[in-house]
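Visitor: I have a structure to go through and some questions about its strands, cores and rings. Can we take them in turn?

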Amino acid sequence: MELIDEVDGLSFRDVKQVYQDKEGFLWFCTANGLNRYDGVEWKVYKHIPGDTTSIATNVINWIYEDSDGNFIIDNSDRAPLYSFYNRKTEKFRKIKVLNYHLKNALAIRGPFITKSGEIIGVGKIARPNISYKSPDENPKALLLNYLGNGVFEASDELSFSMATPPYSELLSSTSERFWSLGFGKHEMLDLDKKTLTRYLSSDFGNYELPIDKKGKFWYPDLREGSKQLFRSFQLPVNIPLEDWYIFRFDNMGNIWLKEKQKKRIFKYDVHLKSLNESGEFGMNYFSLRSILEDRNGTIWTVSYTHLTLPTIYSV
């Protein structure tokens with residue numbers, strides 16, 4: 001295992017997301033700049049005061065690559081803020097939302113890819129004096145259609161359950177259902193019903209993870225044409241249910257779970273339907289934030305305090 005930090009070229013150790021783009025570059029979203037890594041050298045993108053073509057702020061929560069290889073970037077900190085990155089020009093500008101005339105900002109959830117290949121998002125109206133990270137007594141949200149080139153168009157109003165923290169997992173599906181996963185809760189967007197529904201882990205019997213009393217872990221069903229909302233698999237009976245803590249989906253759709261006490265990582269292969277231990281990563285049980293398996297089979301894990309790279313690891 002190798003610790004990656006500022007000495008290696010990373011702009012800041014607090015990494016929020018790691019992503020590999022269509023060209024093979026690795027991107028690291030940090031609280032102090034967007035980092036690109038080609039396997040040898042690092043390139044850091046930061047906000048430059050007075051330069052409207054630089055990234056909006058140095059806070060990078062997540063990035064999303066559109067069909068042209070450009071990025072939609074979440075720069076939100078105390079208020080919603082988003083940038084568009086043009087890969088050809090390597091320039092940035094703010095995201096545009098057409099047909100939205102209110103002065104209140106929109107907190108964008110998603111983007112997601114629909115069955116027909118369209119990119120959509122959910123825009124929560126950030127009302128004055130109400131934090132976009134907090135529940136709203138009278139929430140409203142709009143369906144956002146992505147027109148390309150960093151432009152969304154607001155359309156239908158959605159039935160919105162609550163605000164979603166900006167660092168939650170985003171899952172696309174080939175059906176018309178999409179998921180946003182957060183700590184202790186999931187939210188499902190149903191395009192047919194135009195509703196955004198909240199599911200708590202406590203609905204399954206556990207406050208932190210969706211685990212029932214029989215030791216089954218429940219996760220969103222992303223299969224094409226499936227009428228089920230959730231699928232499940234059995235956890236090892238020799239590990240107490242309260243010792244399971246945080247989980248993540250990787251870029252291949254597999255599920256990674258963390259055991260509290262022994263700091264072991266387990267991988268559930270959704271295709272083979274098998275759960276296997278994948279080693280001890282040595283991080284605090286609460287720290288796993290993002291995980292990615294790159295094209296070389298190397299596993300990049302992101303914690304709240306550092307980024308670790310197993311030097312030889314393939315699955």
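Visitor: How many residues lie between strand 21 and strand 22 in their hairpin?

Guide: The model is predicted. Strand 21 and strand 22 pair in the antiparallel sense over 4 bridges, and one of the facing pairs is Arg 248 with Trp 256 in strand 22. In the turn, Gly 253 has a positive phi of about 85 degrees. The number of residues between the two strands is 5.

Visitor: Is strand 21 largely enclosed or exposed?

Guide: Buried here means under 20% relative accessible area. In strand 21, 6 of the 6 residues are buried, so the rest of the structure leaves this strand largely enclosed.

Visitor: Which strand gives the largest share of the largest nonpolar core?

Guide: That core has 22 residues, and those with the most contacts inside it include Phe 217, Tyr 219, Trp 244 and Ile 255. Among the elements that give two or more residues to this core are strand 16 (177-182), strand 19 (216-220), strand 21 (244-249) and strand 23 (264-269). The largest share is 3 residues, and it comes from strand 21.

Visitor: Which residue of strand 22 is in contact with Tyr 219?

Guide: Neighbours within four places in sequence are left aside here. The residues in contact with Tyr 219 then include Leu 229, Phe 233, Phe 249, Tyr 268 and Ile 255. Strand 22 covers 255-259, and the contact in that range is Ile 255.

Visitor: How many residues are in the second, separate core?

Guide: Tyr 64, Tyr 82, Phe 84 and Ala 107 are among the residues of this second core. Its count is 17 residues.

Visitor: What is the strand order of the open sheet that has strand 6 and strand 9 as its edges?

Guide: Strand 6 (62-65) and strand 9 (91-94) each pair on one side only. Strand 6 joins strand 7 (residues 71-74) through 4 bridges in the antiparallel sense, with Trp 62 opposite Asp 74. Neighbouring strands of the sheet are turned by 25 degrees against each other on average, direction ignored. The sheet has 4 strands in the order 6-7-8-9.

Visitor: Which residue is the bridge partner of Leu 34?

Guide: Another open sheet of 4 strands, with antiparallel pairing, has the order 2-3-4-5. Its edge strands are strand 2 (15-20) and strand 5 (42-45). Strand 4 (residues 33-37) is joined to strand 5 by 4 bridges. In strand 5, the partner of Leu 34 is Tyr 45.

Visitor: Which residues does Tyr 45 join in a cluster of ring pairs?

Guide: The count of aromatic pairs comes to 24. Ring pairs link Tyr 45 into a cluster with Tyr 19, Trp 27, Phe 71, Tyr 85 and Phe 92.

Visitor: Why is the pair of Phe 28 and Trp 300 described as tilted?

Guide: A pair of aromatic rings is described by the distance of the centres and the angle of the planes. Planes under 30 degrees apart count as stacked and those over 60 as edge-to-face. For Phe 28 and Trp 300 the centres are 5.4 Å apart and the planes stand at 55 degrees, so the pair is tilted.

Visitor: How many residues apart in sequence are the parts that this pair ties together?

Guide: Phe 28 is buried at 0% relative accessibility, and Trp 300 is buried with a relative accessible area of 4%. Phe 28 lies in strand 3 (residues 26-30) and Trp 300 in strand 26 (residues 299-303), so the parts tied together are apart in sequence by 272 residues.

Visitor: Which ring does the charged end of Arg 36 sit over?

Guide: Arg 36 falls within strand 4 (residues 33-37). Its charged end is 4.5 Å from the centre of the ring, which belongs to Phe 25.

Methods
Residues numbered from 1 in each chain as written. Predicted model: local features only at pLDDT ≥ 70, side-chain atom pairs only at ≥ 80, totals over all residues. Heavy atoms only, no water. Pairing = 2+ DSSP bridges. Core = buried A, V, L, I, M, F, W, Y, C linked by side-chain atoms within 4.5 Å. Buried < 20%, exposed > 50% of the residue type's maximum accessible area, 1.4 Å probe, protein only. Contact = heavy atoms within 4.5 Å. Phe/Tyr/Trp six-rings, centres within 6.5 Å; stacked < 30°, edge-to-face > 60°. Lys NZ or Arg CZ within 6 Å of the ring centre and 35° of its normal. Axes fitted to C-alpha atoms, helices over the stretch in contact; angles between N-to-C directions.
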